Amino acid sequence: MALADPRGRQQWRGELVDAVDGLELVELPTARQEFHQAVRRCADLDQGLATLVEITEFLAEAVAHRLRPLLDTWEALELYGGRDWTALHRALDFHLPGLSVLVADVTLGRVRLPASSVTAWDAFVHLSVHNAPPGGLPPGMAFLEHLLHQPEAASAVGEIRAWNDHFAQQWRLTAEVAGLRGHLAERRGPGGWDPGGDLQAAVIRSYIKVAPDLAPSDPPGRGPGDRSRYWLSSCVRYTESAELHPQPGVPDTPVARGELPHAVARLLRTMAEEWQSRADEVVLEFFLPVELLDEPVEWWDLNPNEGFPTPMIHRYPDIRIHSLERVQRRQHHHAWRRRWRRWSDVPANAALHWCTPGGRPDDEHLGEVYGEIGRQDEIMGMVLSAAPRGPRGRGSREVLLGLEHGVPLLVYHREDSGSEAFHSMVKEAMSEGGLANLPERTRQWKRDVSVKENPVIKNLTVIFDDPEQLLDGGPSAPATFLGGIE
């Protein structure tokens, strides 16, 4: 109210003009017009906005708590060159216990967090406008690296790393970022949280394997690609445990393909009883053979007898699909690790390959794709030309080709991988954080209840296999359960 009447604004204009060299302001009909004019003109002058905030706070103290965060945001956006930070903002919009203590740790006590900073995003923006210490990282980047080791930031790991990796490349700070990451990993110790791929977050992780039944009693003439019975097994990893725990309730006989949704639903109900005393979030990770990768697992009914749709994704919003063959076939692990290491070292170079047959015979198309991916180490993802359906289907053969070359990310549409709508959706997801953000962006879309009317999103599928998380980690590594480690 101190600036709502013309006399108050007249004093405000006079104070500003006196304090900011080169500033000219004119009286305008409304307060909003005058404020807009002042912001535009002060932004063009050295220290203009900072002085604008100081004068305004002096005359209208009640708005101080809102002006400082706005100034920090303005200056931070300039620092980061106007890069779109919408996804990062969304990922960091959470409260963190001990936030002020963490900031003091990051800055060695040089920066005190203002009372207006209450979320991780507020702290990041505020720290971004402070200068880096000699030989150190900018405080905003250092804060993000420390944040990686907070369980509350588990879902933000991909965004944080993508952001810091980008500016480490742009500002030539890759060595400094790598050094801090190594230091924090050592300091974390064996009892801490490992942020690699967010797989050690404060959640229950349920690994579900669906393996073909290859018993010799199979009917004669049925080839390995004509498999129709599967063994279902599961184990779970809790945050506080370094071991995998077998889950009760798995069938003791092979399950026909058509009965898999019902068998999985029964298994999940048994699991829920086991977790009755816990409040952790649950992540379901399915390991499927190639011929089942076209199954709409996340849309299987959790309660098939209800008479109405009860998709698993509405109860368990974080469902991930992995390739069983990739983990089990050790001959593919070297190429897989090699390509992943290249992605980790130079994330900005990660490329997505679009498989486009162009009307050619499948063998000709696949031969060309094989050569292109083999020659280009920067290819980290493939958009399949068709869903992996049938042992000799083009999509299935593209999957096997990708596994052989170690490509960690595979994208396809269960119904129409050649549609323009599907291609547009993948490009949109890529534009919002690059290849590393594609799996999480897809999960976000599917968690939106409106997708039940959107067949493109409903059938969009991403397989994202991180060798460091699936193969490494001693007795708690999923590969020990799946049969991918000798």
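UniProt, in an unreviewed entry, places the feature "domain: vWA-MoxR associated protein middle region" at residues 81-181. The model discussed here is predicted. Over residues 81-181 the chain is 54% helix and 0% strand, and the C-alpha atoms at the two ends of that stretch are 24 Å apart.

The domain assignment of the protein chain gives domain 1 (6-59), domain 2 (83-187) and domain 3 (203-482). The rest of this account turns first to how domain 2 meets domain 3.

The C-alpha centres of domain 2 and domain 3 lie 32 Å apart. Five residues from domain 2 and five residues from domain 3 take part in the contact. Between them, domain 2 and domain 3 bury about 490 Å², and 46% of that area is on carbon and sulfur atoms. On the side of domain 2, the residues that lose the most area to domain 3 are R90, E159 and Q169; together they account for 54% of what that side buries.

What kinds of residue make up the side of domain 2 that touches domain 3? They divide into one nonpolar, one polar and three charged. Despite those three charged residues, the count of salt bridges between domain 2 and domain 3 is zero. The count of residue pairs in polar contact between domain 2 and domain 3, with both residues at pLDDT 80 or more, is also zero.

Which helices supply at least two residues each to this side of domain 2? Helix 5 (86-91) and helix 9 (157-170) do so. Helix 9 gives the most, with three residues.

Salt bridges are found elsewhere in the model. Counted with a cut-off of 4 Å between the side-chain nitrogen and the carboxyl oxygen, they come to 21. Side chains of opposite charge can pair when their charged atoms come close. One of the salt bridges joins the side chains of E34 and R9, at 3.5 Å from N to O. E34 lies in helix 2 (residues 31-43) and R9 in helix 1 (residues 6-19), so this pair ties together parts that are 25 residues apart in sequence.

How values were computed. Residues numbered from 1 in each chain as written. Predicted model: local features only at pLDDT ≥ 70, side-chain atom pairs only at ≥ 80, totals over all residues. Heavy atoms only, no water. UniProt positions renumbered as here; feature names shortened; annotations may be inferred. Helix = DSSP H or I, 4+ residues; strand = E, 2+ residues; numbered from the N terminus. Domains from an automatic or database assignment. Contact = heavy atoms within 4.5 Å. Buried area = accessible area lost by both parts, 1.4 Å probe. Polar contact = N/O pair within 3.5 Å; in protein donor to acceptor, adjacent residues only side chain to side chain. Nonpolar A, V, L, I, M, F, W, Y, C, P; charged D, E, K, R; others polar.
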